[in-house]
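Dear colleague,

I am handing over the structure we spoke about, and below it you will find my notes on what came out of going through it. Please read them with the coordinates open beside you.

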Amino acid sequence: MNPLAEAWRLLTSGDLHLWEIVLRSLYISGTALGLATLVGLPIGAAIGLSRFRLRGPTVAFVNTALALPPVVVGLAVYLLLSRSGPLGALEMLYSPGAMILAQTAIAAPYVAAISLAAASEVPPDLQLQARALGASRLEAVLITLREARASLLAAVAAGFGAIISEVGAVMIVGGNILGETRVMTTAIVLETRRGNFGLAIALGAILLTIALAINLLLVSIGRADLRRPWSS
Amino acid sequence: MLTASWLAAALLAAGCARRGSEAVLLATTTSVEDSGLLAHLLEAYRQEVPGAAIRPLAVGSGEALELGRRGDADLLIVHHPSEEEAFVAGGYGEARVPIMFNDFVVVGPPADPAGVASSSAASEALRTIANSGELFLSRGDNSGTHDRELELWGAADVAPEGRWYQEAGQGMGPVLQMASERGAYVLTDRSTYYAMEPHLELAVLFEGDPQLRNVYSVIIVRGSLREAQARALLDWLTSPDGRRAIDGYLDSYGRPLFHSTTPGDEALEARPGRSQTTRTRGASGAPDSRASEVTGRPGTEAGTPEGPMRPTLRARLLCRSVPPAHADARCG
């Protein structure tokens, strides 16, 4: 069986289960990415643009967070939300909310570490020039970040790639429940274990196609920004 | 530099592959691995046959059979009778031999809000859960356990759907964990439940119905390059030594987890030339003419005590595998 043909057949067959799983993946990873960007981008940019003692160790710390295995994040969130855990009363385990929480924790280090590097690479003179030309401190920072927007979008794209493809954490805290917490990656694991290798590959092809569409969208956002004149 | 390291990695990989090519690739279901039996058996086998090279791979029954179909595994230990029959009928299996069994049990919240404990049959227990509206968590992964669960819903004449029924699509261990968290009912194999019992807030609420018997078979993959080694392992598993190793595997409370098939149990025993038609499924209700050929009995109805499981075997299954605290009057 040709996996691409199978993927196309699945997408066009009007299989509501499949679309539901695709939309759930996008909802969970999209929400997590939004939260991770809200947390990670300001932290990364702040560290990248400032000069302080212990900056080196701080950068190393942020970069090390990238090495956190998603399964460990999943396990930590599981222990947090478990009935016998500190947040057990919320009864959030095995829900999309738990998956969003875990994926936010996985994506935030990616967004923070890459935006840190992006902000560090803008020549510091730019801020000084902007200040000299009458910009306020906040405006100077925004001008600097706009200069680094391509790299900042790459930070967001990296965070997205890390969680849309992630399976260990969502399996533990989501439980892969049909119609509730089953997403594309956990469906792929399930079909592989069922021996439906062709279907699993087809789902993988669909996941990649969606990731491509999202990344094209991110790139076009960067371009749109580029066309705007500086003195807006 | 980069090229050199790539080359080194490739050579290393090739070296590993060559070493592995002499090892029998044994694909088993997760319950055999999770319960610790696999490691126990392989250790015993290696003591007997020093230098025996076996690479065990714990996957789902469906994946194990697919690996066999593709020629990526040499030997399979699975418990999915209908799929096994299709596998052998499709010409992928050389021999299929039932080697051991345990049983399924219905576990749930110790308080038993649905009132399952007083059921007289497995299908009745499931119907009670469905009627009560309490949560039932299904494997939902086409595994042998899932297969049996669906058969039982069929026998109970209940369509498993609705808010009370959830498909987890995961292995036995994670599903037991989830059921414990959510206070749900689950059909599980006894071995995995015993192995995880200390971490679970679940109790055995129904057990002992012949419909709950769970038979594991070994299949040699046809066309395997390591057929001789695979057959040697199969022969050992069915030898007195192998049977002793299976029966001697106890959990931390000293309870046996699996029971080897014995030559007296004709419904389970495989005989030369007939193993492919041996009916290993429990009294699932589906009459099967091939079963009659082997056992010499007509297809039996689901739930009757005189099912294909002989009384001695059934007594063994009921009493040997039940810890004293849970043993009921039937064990005398």
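I begin with one residue of chain B: H79(B) has 27 other C-beta atoms within 10 Å, and because 20 or more are enough for a residue to count as buried, H79(B) is buried. Please keep in mind throughout that this is a predicted model.

As for its place in the chain, H79(B) sits in the loop that runs between β3 (75–78) and α5 (81–89) of chain B. Leaving aside residues up to four places away in sequence, the residues that H79(B) touches are T29(B), S61(B), G144(B), N214(B), V215(B) and Y216(B). A further distance may be useful when you look at this region: G62(B) is 17 residues apart from H79(B) along the chain, and the C-alpha atoms of the two are separated by 9.8 Å.

Elsewhere in chain B, I looked at a pair of helices, α6 (residues 122–132) and α7 (residues 144–156), whose axes come within 8 Å and cross at roughly 85°. Since angles of 65 to 115 degrees count as roughly perpendicular, α6(B) is roughly perpendicular to α7(B). On the α6(B) side the contact is made by A122(B), S123(B), L126(B) and R127(B), while α7(B) contributes L152(B), W153(B), A155(B) and A156(B). By character, the residues of this contact between α6(B) and α7(B) are six nonpolar, one polar and one charged.

Turning to chain A, the program finds eleven helices and zero strands, so that you will read an unbroken α-α-α-α-α-α-α-α-α-α-α pattern along the sequence. Taken along the principal axes, the box filled by the C-alpha atoms of chain A is roughly 65 × 45 × 25 Å. Of the 232 residues in chain A, 38% are buried. Where contacts in chain A link residues at least 6 apart in sequence, 77% of them join residues at least 24 apart.

Finally, there is the interface between the two chains, in which 16 residues of chain A are in contact with 17 residues of chain B. On the side of chain A that touches chain B, helix α10 (residues 184–193) of chain A gives the most, with four residues. The residues on that side of chain A divide into six nonpolar, six polar and four charged.

With best wishes

Terms used:
Residues numbered from 1 in each chain as written. Chains lettered and ligands numbered in written order. Predicted model: local features only at pLDDT ≥ 70, side-chain atom pairs only at ≥ 80, totals over all residues. Contact = placed C-beta atoms within 7 Å. Helix = DSSP H or I, 4+ residues; strand = E, 2+ residues; numbered from the N terminus. Nonpolar A, V, L, I, M, F, W, Y, C, P; charged D, E, K, R; others polar. Axes fitted to C-alpha atoms, helices over the stretch in contact; angles between N-to-C directions. Parallel < 35°, antiparallel > 145°, perpendicular 65-115°, else oblique. Buried ≥ 20, exposed ≤ 12 C-beta atoms within 10 Å, placed from the backbone.
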